[in-house]
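Student: Please take a close look at one part of this model for me. I would like the surroundings as well.

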Amino acid sequence: MNDDGIELVSRRTLVEGPTDIRFVLHPGDRPLVGAGDTVVPGTRLLERLRDARLTEVAAATVGAEAQPGGRWSAAETPPATSGPLRRTTGATAGELLFEAGGRWRLATGDHVESIETPVAGVVREVRPGTAITLQAEGRMMRGVEAHGDPTRGVLALGADRGEGSGEGLVLRHGSLDVGLAGSILVVGSRIEAETLTRARAMGLRGIVVASLAGKERRDFLASEGRQRAALHRLPTFAVLVLDGAFRRPIASPVATVLQALAGREVAIVTDPPGLVFNEPAIELAPPPWDLVRIRGGEHVGREGHWMGLAGQRRFVGGTFLEAGWVHVGGPAPVAIPLADLERFG
Amino acid sequence: MTASDPHAFLALDLGTATSSAALVARVGHRWRLIGALAMPAAIEPDAIVELVLERATIADPNLARLVGSDVDDAVRSLPRLTARSARPQRLAVVAASERALVPLDDAARRSGWLVTAASPERMEPLAVTRALLDPGVDAVLVRAGEPPGPDERRSLDEVAALVAAAARRRPELTIVLAGAMAERLERFEAAGEHRQGEVLLGPSATSGEPPGLPLRELLEDMRAPSGDARRSIAQAAGALADALDRRVEIVDIGFNGGLRATASPGVGGARATVSASYVANACLVPAEVDDAAVDRVLAWSTFPIDRHRLRDRLRELRLVPWADAAGVGARLRLAAARAALAVLIEATASQSAEAAPDLIVASGGAWAVAPGPAVALAIADVVRRPAAVGIALDHARLLAPLGSIPDGTERRQLIGDVVDDMLAPLASVIIPGGVRAGHSAGRLTIHAGTGSTDLDLVPGSLELVDLPPGEVGTAELRFRDTVRLGGRGRHFAIDVAGGLGGLLLDLRDVPLRLPDRPDRRRELLEAWQDSLWVTRDR
């Protein structure tokens with residue numbers, strides 16, 4: 001083996017330390033925590049307006065000290081003689097947006113829903129209308145995208161170590177059942193939108209998958225949109241995509257982390273997308289230094305051992321690319337474009 | 001230069017997707033490009049530099065010793081010229097009417113910003129507030145006409161109040177007040193004493209020559225105050241025009257945007273004149289691959305693929321821009337580059353109205369993996385003007401680092417030295433306009449050092465004439481009818497230079513017209529491209 005040139009292979013960080021997580025606030029949403037607050041999983045962070053609309057109120061009613069971003073409530077101030085609300089009926093509270101022409105515009109609505117934090121941590125910043133930033137306790141494994149709402153559950157493996165290639169995780173047939181309600185399921189290489197919908201209906205809290213095709217992503221997001229519009233929402237549900245859009249098994253170092261976390265409480269967060277866990281007792285050994293994974297091209301998803309630089313090589317279609325020798329299990333190493341490789345650290 | 005009188009230096013172009021390193025050394029009495037390498041941006045630049053130096057030493061140990069690139073700490077000790085791409089930023093553009101919004105939107109889109117446009121006619125105040133409070137928005141440009149038009153007066157106060165309130169809530173936002181909105185400065189100054197972001201009075205969106213230029217310059221300064229790779233490339237365009245004494249156009253397509261810089265050489269000791277547009281939407285693949293993005297790439301695809309799969313491929317390309325670059329991956333990149341170039345050309349119509357350049361230089365990671373002649377064809381497909389132009393490639397990505405040299409004289413001198421090394425000649429292209437359909441439009445005779453070649457001019461065809469790099473010749477064209485080729489006429493004699501793709505005689509329509517049926521269009525594009533994909537599997 002030859003470590004020559006492995007620094008020319010992109011390194012993917014497997015697990016990060018404490019990370020800042022963001023919860024988006026829209027105008028009208030009401031934060032329920034303040035900077036410096038310590039929160040635990042399940043703490044209500046904010047009230048989200050589901051039907052935000054603009055309304056007006058006389059500036060005299062609101063008071064001279066009012067600031068954009070502040071909260072206003074009709075109950076706190078005596079009504080003006082001409083009436084505090086002119087255009088709308090029933091608005092008694094909201095977030096002040098701006099004042100023009102002697103009237104304040106405020107964001108208000110009738111239906112709110114509570115958003116809870118799925119992770120423990122310390123609130124770093126609260127900016128009404130923008131975001132709540134939370135420093136999460138524990139460690140995080142990043143994905144490339146996450147859809148749905150931040151969620152929490154017990155990690156369950158619906159996938160096995162693949163046979164044949166002997167690496168990564170592949171979907172176990174018939175692994176979805178109601179017994180998994182409340183859990184976050186690792187399903188392996190790929191999943192269909194229909195299965196995602198079924199998982200949500202069965203009470204699962206989330207799915208971790210290597211890749212999500214564009215069509216499935218679009219269908220799931222449409223389903224999510226309908227779900228958000230419904231009056232009675234189901235529990236939170238999220239999909240964490242680890243790699244991208246093409247089918248490939250979950251990388252073996254990632255699979256090792258997921259297997260270590262099986263049966264433990266984890267959370268999926270959406271901004272940034274990742275799996276957060278607070279298990280200090282679990283020690284994660286670094287993967288072998290020469291382990292590389294092929295993330296594109298002919299051998300996508302396979303793993304092997306770095307054997308050294310191969311120089312510039314001609315590949316299919318007449319493309320010349322810098323390459324490295326990788327032993328992927330055959331009798332001899334094969335030349336793989338350096339840009340198709342990743343290592344883990 | 002960072003060290004006095006060095007014998008060699010490293011030129012680094014650190015983009016969002018690609019990092020490149022080049023070793024430039026003084027050989028004899030001039031600077032020469034010794035070697036270069038481009039790799040994914042995730043790789044440490046020092047590792048790339050180390051490999052460049054190692055290969056240079058293996059290739060010519062004596063030269064390496066002479067220029068000092070073979071010493072142990074050369075990676076750290078050699079002086080560096082570094083250009084970095086500025087991160088993409090979003091500008092919220094707000095006006096009191098759609099009419100007032102148009103010039104603002106145009107100026108913002110041509111100065112490299114991602115744009116969120118808002119007016120009371122387009123969005124309700126709640127949605128505008130939400131857009132301004134979005135943490136992805138870095139600055140706000142708000143404008144009213146001078147004087148405000150009747151359509152603006154009704155909502156001017158409300159727009160000013162809305163933006164001022166957002167400025168108070170987000171003290172880090174930079175606010176630009178343009179036109180009559182400047183009269184409402186007090187409202188913004190009252191928005192907070194402890195603002196980190198500035199409140200700037202901008203020029204009118206229609207002032208200057210060409211209209212909007214001063215505003216665009218201000219926005220460019222805000223987006224990338226100094227050292228941005230694309231702004232450096234624009235500076236290099238001027239130096240290149242002076243060095244070659246030719247009109248030069250640079251088209252740069254990168255991961256997060258495109259640049260079109262046109263430069264004419266200075267006359268009578270004056271410096272070159274440069275006009276540049278930075279278009280964030282002219283990126284290889286947008287961050288969110290929507291239907292429009294899929295359609296744009298599908299229109300240039302040379303391989304069969306359905307919309308869903310193409311969307312997936314584009315998403316993967318966005319996530320890992322260097323992966324899967326062989327085979328179909330290379331053709332996908334070229335289709336995406338054509339689509340991005342079309343966006344760039346459409347957004348810069350005023351530059352298309354200028355005189356045609358003598359030389360088009362392709363730059364940026366989008367062109368990195370396709371063979372040179374295929375890149376020349378891709379540019380000829382999209383940048384179609386009735387003219388004879390040379391097409392070259394900034395293969396070592398030297399334009400940005402060399403353009404970042406602050407001293408104009410030193411910059412011109414250095415670029416003049418290395419110009420033959422840094423530009424790979426791809427092809428000379430002759431594109432006559434107004435060729436009538438028929439069996440034959442005339443005859444072409446090429447007089448070159450190796451002899452003469454005679455060709456029939458067939459309307460709608462793409463003819464390739466072998467003219468290797470370094471060779472020069474004269475193309476004599478005799479048309480049956482009057483055509484446009486620079487000027488109007490029937491007989492033309494044009495000096496042409498060789499390239500990797502030789503001479504392309506492009507008698508296709510200007511602009512290019514393609515069949516409506518996707519399969520026919522794809523077959524036609526594939527046939528043209530295959531003839532120039534010189535390294536394809538046979």
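Tutor: In this predicted model, 47% of the 345 residues of chain A count as buried. Chain A holds four helices and 27 strands. Take its contacts between residues at least 6 apart in sequence: 67% of them join residues at least 24 apart.

Now the contact between the chains. Chain A puts in 41 residues, and chain B puts in 41 residues. On the chain B side, five elements each supply at least two residues: strand E3 (30–40), helix H1 (45–59), helix H5 (125–133), helix H6 (150–169) and helix H11 (307–319). H6(B) gives the most, with seven residues. By class, that side of chain B has 23 nonpolar, 14 charged and four polar residues.

Chain B itself is assigned three domains: domain 1 (8–84), domain 2 (90–223) and domain 3 (229–532). Over C-alpha atoms, the centres of domain 1 and domain 2 of chain B are 44 Å apart.

The close look goes to helix H16 of chain B, residues 408–422. This helix bends by about 40° at B:Gly416. Its buried residues are B:Arg411, B:Arg412, B:Leu414, B:Ile415, B:Asp417, B:Val418 and B:Met422. They pack against six elements of chain B: strand E2 (18–27), E3, helix H9 (229–244), strand E14 (387–394), helix H15 (399–403) and strand E15 (423–431). E3 links the two parts of this picture: E3 of chain B packs with the buried residues of H16(B), and E3 also supplies at least two residues to the side that touches chain A.

Methods: Residues numbered from 1 in each chain as written. Chains lettered and ligands numbered in written order. Predicted model: local features only at pLDDT ≥ 70, side-chain atom pairs only at ≥ 80, totals over all residues. Contact = placed C-beta atoms within 7 Å. Nonpolar A, V, L, I, M, F, W, Y, C, P; charged D, E, K, R; others polar. Domains from an automatic or database assignment. Bend = angle between axes of the 7 residues up to and from the residue. Buried ≥ 20, exposed ≤ 12 C-beta atoms within 10 Å, placed from the backbone.
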